[in-house]
Amino acid sequence: MTNAAKKAKIKNKETGEPDIYSDGFKQLLPLRMHYPKQIEVLNIYGNKEDGSNSDGSVSVASAQSYKYLINGRAKSYREVEIKGKNAQHSKLHENKEVDQLLIDFLWK
């Protein structure tokens, strides 16, 4: 499916595939070898589900690209997509679902 979408010149934000070819990603890639292997990662990102495939500031594809940066480096990696109007970038820190995810990750 992804290959067919690429052939049809569908952009990454539409396919949901992380943009591992962006300038920002390319700048961070050399740093991955310095990422500590004992770190557990919880990547929480938002999707307002308004057709933007983003939290209003950061695209889902961009948020998901973090996985590719630390692949094989982190002790563990978990990704959670928060959906709906309370998934807006500036509202994530006030979202009760995010609060619970962080409590579980940090203290349980």
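Of the 108 residues in this protein, 30% count as buried. The model discussed here is a predicted one, and every value below was computed from it. The accessible surface comes to about 7,600 Å², and carbon and sulfur atoms account for 51% of that area.

The secondary structure consists of five helices and two strands. Followed along the sequence, these elements appear in the order α-α-α-β-α-β-α. The contacts give a view of how the chain is put together: among those with a separation of 6 or more, 67% join residues that are 24 or more positions apart.

A good place to look inside the model is Arg32, which sits in the loop between helix H3 (23–28) and strand E1. Although this arginine is buried, it has no salt bridge. The nearest side chain of opposite charge belongs to Glu79, and it is 14 Å away, whereas a salt bridge would require the charged atoms to be within 4 Å. What does lie by the side chain of Arg32 is a backbone atom: one of its polar atoms is 3.0 Å from the backbone oxygen of Leu69. Leu69 itself is also on the list of residues that Arg32 contacts once neighbours within four places in sequence are set aside. That list runs through Tyr68, Leu69, Ile70, Asn71, Gly72 and Arg73. Helix H4 spans residues 60–70, and the backbone oxygen facing the Arg32 side chain comes from Leu69.

The loop between strand E1 (40–47) and helix H4 (60–70) holds Glu49, and Asn53 is found in the loop between E1 and H4 as well. Both residues are worth a look for their backbone angles. Most residues other than glycine have a negative phi. Glu49, however, has a phi near 55°, a positive value in a residue that is not glycine. For Asn53, phi is likewise positive, at about 50°, and this residue is not a glycine either. Glu49 counts as exposed because its relative accessibility is 54%, and the threshold for that class is over 50%.

Towards the end of the chain, attention turns to the surface. Leu102, Ile103, Phe105, Leu106 and Trp107 make a nonpolar surface patch of about 500 Å². One of these residues, Leu106, lies in helix H5, which covers residues 96–107.

Terms used: Residues numbered from 1 in each chain as written. Predicted model: local features only at pLDDT ≥ 70, side-chain atom pairs only at ≥ 80, totals over all residues. Heavy atoms only, no water. Helix = DSSP H or I, 4+ residues; strand = E, 2+ residues; numbered from the N terminus. Buried < 20%, exposed > 50% of the residue type's maximum accessible area, 1.4 Å probe, protein only. Lys, Arg positive; Asp, Glu negative; His and termini not counted. Polar contact = N/O pair within 3.5 Å; in protein donor to acceptor, adjacent residues only side chain to side chain. Contact = heavy atoms within 4.5 Å. Areas by Shrake-Rupley, 256 points an atom, 1.4 Å probe, with all protein chains shown as cover. Patch = residues over 30% accessible without salt bridge, like charges linked within 9 Å, V, L, I, M, F, W, Y side chains within 5 Å.
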